Amino acid sequence: MELYKKLLSKEYKMAVIGLGYVGMPIAVAFAKKVDVIGFDLNKKKIDLYKSGIDPTNEVGNEEIKKTTVEFTADETKLKEAKFHIVAVPTPINSDKTPDLFPVEGASRIVGRNLTKGSIVVYESTVYPGVTEDICIPILEEESGLKCGVDFKIGYSPERINPGDKVHRLENIIKIVSGMDEESLDEIANVYELIIEVGVHRAGSIKVAEAAKVVENSQRDINIAFMNELAMVFDRMGIDTKEVVEAMNTKWNALGFTPGLVGGHCIGVDPYYFIYEAANLGYHSQIILSGRKINDGMGKFVADAIIKKLILANKVVRQAKVVILGVTFKENTPDTRNSKVADIIDNLREYGIEPIIVDPEADADEAKHEYGIDLADINEVKDVDCLVLAVAHDTFKKLSWNEIDSLYGDFDNKEKVLIDIKSILDRNEIEEKGYSYWRL
């Protein structure tokens with residue numbers, strides 16, 4: 001327990017590498033207990049943190065202003081730390097294969113600045129074997145040190161749910177693992193400083209890696225099932241939400257609903273599992289099928305929009321479509337891997353250039369990722385079709401007068417309203433005569 005005790009006495013420092021939606025809350029939480037260096041390559045982001053601004057909205061500006069985290073873009077500062085947490089993103093390539101460039105790059109940075117007696121813990125989502133087979137060799141090559149002799153390694157998958165103010169870092173059980181019993185004890189004790197509900201000690205690093213990709217693959221499959229039902233019920237003329245509400249009266253119903261599955265976890269992690277399974281000669285069936293269904297929901301919604309426009313006697317190419325929400329989920333600025341972008345792309349194929357409104361989204365990120373310029377809802381008018389794509393609280397609070405004011409001056413039956421998240425009262429909308437569709 002030497003490292004753990006020296007962290008507590010502040011003789012040693014901790015470093016968090018990657019200060020995004022995962023790393024930044026971890027750094028802030030640990031800084032209440034130990035000395036923390038927060039490192040990120042993005043100097044603009046570091047400057048925002050130093051100015052007391054939280055661009056992720058995960059902990060808020062007030063917490064950033066009062067935190068003792070030493071924010072830096074200078075990698076040499078990592079030499080001062082003995083406990084390193086790597087929390088960089090692990091996206092996928094255009095061909096759906098894992099993009100390990102960020103985690104490999106972070107390993108090189110840590111390796112160049114690694115000192116004897118250190119522990120490196122990875123939180124980035126990876127397929128089983130990446131930590132030991134890919135990251136360790138990089139750390140050894142860059143540092144000239146030997147893993148197991150000069151430094152130890154561990155893995156603790158991130159479980160932060162962006163935008164969720166109920167399930168927070170401190171009240172989600174943390175899976176921890178280490179390369180041996182000594183490192184596992186150290187890592188478990190360190191994380192128990194901030195995880196109020198405790199940790200789960202996995203039997204090996206590979207078990208911990210697998211647990212992460214499997215828990216998100218499980219959710220992906222369940223949502224894919226609901227999405228498939230929604231597509232079939234749409235053809236049957238049955239309201240999916242009503243079916244789900246009826247089904248959920250049974251005690252063992254799982255409570256899943258149809259929807260767009262994007263983001264940096266559920267929409268990505270299954271591909272890591274599929275990739276490694278294929279390398280071992282197994283072609284995934286259930287997981288891959290679920291991914292195909294969920295990846296196709298953007299086109300399904302876009303086709304439903306076009307159908308409703310036609311039935312409302314609109315000239316499709318001339319229709320003014322406004323989409324409310326472009327982030328991958330509600331109440332977060334994160335637009336990474338947003339499936340709303342798939343709706344936009346499919347509408348463009350019909351000659352429609354939709355207007356996007358999202359007061360929660362990171363405007364710079366939306367522009368960089370998708371070439372989208374976000375509009376102000378107060379400047380929106382004469383709309384033919386309104387698409388409620390993301391259930392931000394700001395959208396859920398819109399009154400009927402505010403919604404109706406966005407449309408052009410024509411009969412309600414010609415006002416197309418698409419409710420992807422099923423947040424509106426269907427009966428009320430249909431009584432008003434709107435042309436309404438929900439997933």
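Strand 1 (13-17) and strand 2 (36-39) run parallel and are paired through four bridges. Two strands count as paired if DSSP finds at least two bridges between them. Helices (H or I, at least four residues) and strands (E, at least two) are DSSP runs, numbered from the N terminus. In the pairing with strand 2, A15 has I37 as its bridge partner. From strand 1 the chain passes through helix 2 to strand 2, a β-α-β crossover that is right-handed. Right-handed here describes a path from the first strand over the helix to the second that runs clockwise, with the strands pointing away from the viewer.

This is a predicted model, in which local features need pLDDT of at least 70 and side-chain atom pairs count only at pLDDT 80 or more, while totals for chains, interfaces and linings use all residues. Residues are numbered from 1 along each chain as its sequence is written, and side-chain values use heavy atoms, with hydrogens and water left out.

Strand 1 also pairs with strand 4, in the parallel sense over five bridges, and V16 lies opposite I85 of strand 4. Because four of its five residues are buried, strand 1 is largely enclosed by the rest of the structure. Buried means under 20% relative accessible area, exposed over 50%, and partly exposed in between (1.4 Å probe, protein chains only).

Helix 2 (residues 23-30) is mostly covered, with eight of its eight residues buried. Its buried residues pack against several elements, including strand 1, helix 3 (43-50), helix 4 (61-66) and helix 7 (181-191). Among the buried residues of helix 2 are P25 and I26.

Both P25 and I26 are in contact with I160, as are Y21, V22, E58 and L169, leaving aside neighbours of I160 within four places in sequence. Contact means heavy atoms within 4.5 Å. I160 sits in the loop between strand 6 (151-155) and strand 7 (174-178). I160 counts as buried because its relative accessibility is 10%. The C-alpha atoms of I160 and I172 are 8.0 Å apart, and the two residues are twelve apart in sequence.

Further along the chain, strand 11 (residues 385-388) is covered on both faces: C385 and V387 are buried on one side, L386 and L388 on the other. In a regular strand the side chains alternate between the two faces of the sheet. The table lists the parallel partners of strand 11.

| Partner of strand 11 | Bridges | Residue opposite V387 |
|---|---|---|
| Strand 9 (residues 321-324) | four bridges, parallel | I323 |
| Strand 12 (residues 416-419) | four bridges, parallel | I418 |
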